[in-house]
Amino acid sequence: MRLSAYFMPTLKETPAEAEIVSHRLMLRAGMVRQASAGIYSWLPLGLRVLKKIERIVREEQDRAGAQEVLMPTIQSADLWRQSGRYDAYGPEMLRIADRHGRDMLYGPTNEELITEIFRTSVKSYRELPRMLYHIQWKFRDEVRPRFGVMRGREFLMKDNYSFDLDYEGAKKSYNKMFVSYLRTFARLGLQAVPMAADTGPIGGDLSHEFIILADTGESEVFCHRDFLDFDVLGAEVDYEADLEPVVQAWTRLYARTDDKHDPAVFEREVPADKRVQRRGIEVGHIFYFGTKYSEPLKAQVATPGGESVAVHMGSYGIGVSRLVGAVIEASHDKDGIIWPEAVAPFKVGLINLKIAAPDCNKAGEEIYAKLQEAGVEVLYDDRDERPGAKFAGMDLIGLPWQLVIGPRGLDKGVVELKRRAGGEREELSLEAALARLTG
RNA sequence: CGGGGAGUAGCUCAGCCUGGUAGAGCACCGUCUUCGGGAGGCGGGGGUCGGAGGUUCGAUUCCUCUCUCCCCGACCA
């Protein structure tokens, strides 16, 4: 993409409304614009990141055996009355009436709808287990939206729902998602730690929040240092195998958010040199809720013995749009964003320092064409701007690599390759630089 | 929802106290000089001063109501 033709309205100054760093940087980098409180428009650069995150989430859901569906944003109130949540949900749910005066709502979540879909089509234990997910916009009318896309009212969320015959089966589904989440966040370049979460009236130990560590996170978290060294992506996962040992390994060590933190236990279970106290952001939540919805909504299947039982369900959420902000919170410096390669909107920012110089242009066009041929996502700054503005802009949007073509280097037959994270620069021949970026 | 703050140019903000018909920097357009880390000169365009009502000869400025946004707290992917 040529920057001269790209819609990327960057800001030199920080809009007054933005408090936290990810919000500031997303506005400044031209990724989003606020439409109203907690509701955002996604501009090209931001949308590219959102789509990349979405794709990784999708790939890992599929890999774990879940199947994608797409449910609507607008739902009828009837189902919610059946589950009892229409009244229970409160003002956080956006309620709408259609032209006929029917009560509708903008879905804050989809348990009711997916259960309805399931119950009308699945009648036998033979068709279990099933995991169905979708990635869809949700709306929760937060009293006080804040932190940009991290805590918006409208947000993109992946929610998966599992259906099993009994608790044992549900636990297997739960474990699949547990492992899937570890892989998902690792692929996004994040350190995520599963922390025991409140299971509410259901009880049991099948609820975890996945917290990523970021210095600007909204809550204090405490965990064992070994979490940070686990190699998640090292081995392929066999989702049909028994995942319990993996889950055990990840839940044995201490990891709690501040509201569950117990200093006495922390100090007893974790050696002093292994204690990690950091800030964290919740980006995922997995939850087993048994027959909470299948009973009122009558999602029943026949058992091998012929009796009808309510299915055991779980739900598994990942805040996809929140992750865009969360990645920035976890990865930035004073100059701007530092994208992990997996979610970067482009891999390379190609900077032509001097548009007016024929040799710079020739080299720039050549590299741009070759990178594109090689399938490398490249943003070519071909604007007639001063070098300082180009450097600052490229640092701000945080592409992993910057390739700088300037008269000074070309005289020596070299271009400059800079890694955004760390800032190391290297002078290379044009060919060597290309080989580096396409290799 | 309780408490606090803010709405003036695309962005950051001044002016309001003490009423007289709106400014700066950045951004934008033209031009000259510059050209390896958000340059400088000159010239220019751009504002229902959030909205409604009131007081006044006259309101961005004073009063009332209202809308929106932000921050702190209680709640959440």
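## Helix H2 and the surface near RNA strand B

User: Happy to look at this with you! What should helix H2 span, and what is the distance between its end C-alpha atoms?

Analyst: This is a predicted model, where local features need pLDDT of at least 70, side-chain atom pairs count only at pLDDT 80 or more, and totals for chains, interfaces and linings use all residues. Residues are numbered from 1 along each chain as its sequence is written. Helices (DSSP runs of H or I, at least four residues) and strands (E, at least two) are numbered from the N terminus. H2 holds 20 residues (44–63), so at 1.5 Å a residue (times one less than the number of residues) the expected span is 28 Å, and the end C-alpha atoms agree at 28 Å.

User: Thanks! Which residue with positive phi follows H2?

Analyst: Just past H2 the backbone has a phi near 100 degrees. The residue with this positive value is Gly65.

User: Which element gives the most to the surface near RNA strand B?

Analyst: Near means that a heavy atom of the residue lies within 4 Å. Strands E1, E13 and E22 and helices H11 and H12 each supply at least two residues. With seven residues, the top contributor is H11.

User: Nice. Which residue places a side-chain N or O atom 2.5 Å from a base oxygen of RNA strand B?

Analyst: Polar contacts here are pairs of N or O atoms within 3.5 Å. Arg146 has a polar side-chain atom 3.0 Å from a base nitrogen, and Gly409 has a polar backbone atom 3.1 Å from a base oxygen. The 2.5 Å pair involves the side chain of Arg386.

Conventions: Chains are lettered from A and ligands numbered from 1 in the order in which they are written. Side-chain values use heavy atoms; hydrogens and water are left out. A polar contact is a pair of N or O atoms within 3.5 Å; within protein, one must be able to donate a hydrogen and the other to accept it, and residues adjacent in sequence count only if both atoms are side-chain atoms.
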